[in-house]
Amino acid sequence: NIKLERFNDQEALYNRAFEIIGQHLNAGAKSFGLATGGTMVPLYSRICQSDLDFSQCTSVNLDEYVGLPRQHDESYYAFMQNNLFQTKPFKETNLPNGEAQNVEEEASQYEQLVQSKNVDLQLLGVGENGHIGFNEPGTPFTSETHVVQLTPSTREANARFFDSIDEVPEKAITLGISTILRAKCILLLAVGEKKRAALDALLSGEITEKFPITSLRTHSNVIVLTDL
Ligand code: F6R
């Protein structure tokens, strides 16, 4: 059950995304699933400029690179601090620890944590290849939080944030697809021409593990905002 809303300009799209988050907050949502990436920057900037109050809320982030120190500018920990948490404090924030000694164990502990948080609203971007979180094509829809080997295409797409592609980590910890689908409501933003193939797969075509985004068609409450 996908509610699609199309926008001519990104300004209107982000205003609507901001409005939806405010509505959930006002309706009593306490647990937010958060994403990183370029798509989220204008949304978090709107939230930072607003008077929305998350001080009674918990957040759980989708993913984190393995082996990148939290202090590194491109860690998702740093991204969240810089783009949201420093300006908008939450009662509790959570990200996978990509520096854990045993990342497999960290992934299974994070799975338990996310399950215990009962996410009310999950924010999602989408990769050019249809990934959600870092669930790359071929990931089973039954997957739980796990360690992934990033595909060359995802590392290339993210190289713009690093000095060179060699510096992009090769692994990440990500919520699994089944973990993401536990959220009561999912808000996905597909912004920019590069996301067209992923959006097309979501809206037409079969439900297939080749396009992780198509797993959203098995969820009962998904809102998609797009400028495509
Ligand atoms: C980020 C995440 C990824 C991104 C996706 C799109 O936490 O889980 O799935 O949402 O890679 O990235 P951008 O927004 O940079 O195009």
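Two strands count as paired if DSSP finds at least two bridges between them. With that in mind, look at β2 (residues 31–34) and β6, which run parallel and are joined by two bridges. The structure above is a predicted model. Here is a friendly tour of its sheets, its core, the ligand surroundings and a few loop residues.

**The seven-stranded sheet**

- Seven strands line up in the order β1-β10-β9-β6-β2-β3-β5, forming an open sheet with parallel pairing.
- At the edges you will find β1 (2–6) and β5 (92–94), each of which pairs on one side only.
- On average, and ignoring direction, neighbouring strands of this sheet are turned by 15 degrees against each other.
- Toward the β5 edge, strand β3 (residues 58–61) pairs with β5 in the parallel sense over three bridges, and V60 stands opposite N94 in β5.
- Helix α1 (residues 10–26) packs on this sheet, where it touches β1, β6 (121–124), β9 (185–190) and β10 (222–226). The direction of α1 makes about 155 degrees with that of β10.

**A closer look at β6**

- On one side, β6 pairs with β2, and here F32 stands opposite L121.
- β6 is also joined to β9, by four bridges, and these two strands run parallel. Within that pairing, L124 has L188 in β9 as its bridge partner.
- In a regular strand, side chains alternate between the two faces of the sheet.
- Are the residues on the two faces of β6 buried or exposed? Both faces are covered: L121 and L123 on one side are buried, and so are Q122 and L124 on the other.

**The three-stranded sheet**

- A second open sheet has three strands in the order β4-β8-β7, and its pairing is antiparallel.
- Why is one side of β4 and of β7 left without a neighbour in the sheet? β4 (63–65) and β7 (146–149) stand at the edges and have a single partner strand each, so one side of each strand has no neighbour there.
- From one strand to the next, the twist averages 25 degrees.
- The partner of β4 is strand β8 (residues 171–174), with three bridges in the antiparallel sense. One pair to find is D63 with its bridge partner T174 in β8.
- β7 and β8 also run antiparallel, joined by four bridges. Here V147 has I173 in β8 as its bridge partner.

**The nonpolar core**

- The largest nonpolar core has 56 residues. Which of them touch the most other members? They are A17, L124, L188 and I213.
- Two of these names should be familiar, since L124 and L188 are the bridge partners that link β6 and β9.
- I213 is in contact with V126, G130, I132, A198, A201 and L202, leaving aside its neighbours within four places in sequence.

**Around the ligand**

- How many residues surround the ligand? There are 14, and the closest are T36, G37, G38, T39 and G125.
- Sorted by class, this shell has eight polar, five nonpolar and one charged residues.

**Three loop residues to find**

- N118 sits in the loop between α4 (103–117) and β6. N118 counts as exposed because 12 other C-beta atoms lie within 10 Å, and 12 or fewer is the cut-off for that label.
- Most residues other than glycine have a negative phi. The phi of N118 is near 40 degrees, a positive value in a residue other than glycine.
- E128 lies in the loop between β6 and β7. E128 is partly exposed, because it has 15 C-beta neighbours inside 10 Å.
- Apart from neighbours within four places in sequence, E128 is in contact with S153, A157, K194, K195, A197 and A198. Q81 is 47 residues from E128 along the chain, and their C-alpha atoms are separated by 25 Å.
- S220 is found in the loop between α7 (196–203) and β10. Is S220 buried or exposed? S220 counts as exposed, because it has 10 C-beta neighbours inside 10 Å.
- S220 and C185 are 35 residues apart along the chain, while their C-alpha atoms are separated by 8.1 Å.

Definitions and conventions: Residues numbered from 1 in each chain as written. Predicted model: local features only at pLDDT ≥ 70, side-chain atom pairs only at ≥ 80, totals over all residues. Core = buried A, V, L, I, M, F, W, Y, C linked by C-beta atoms within 7 Å. Buried ≥ 20, exposed ≤ 12 C-beta atoms within 10 Å, placed from the backbone. Contact = placed C-beta atoms within 7 Å. Axes fitted to C-alpha atoms, helices over the stretch in contact; angles between N-to-C directions. Near = placed C-beta within 6 Å. Nonpolar A, V, L, I, M, F, W, Y, C, P; charged D, E, K, R; others polar.
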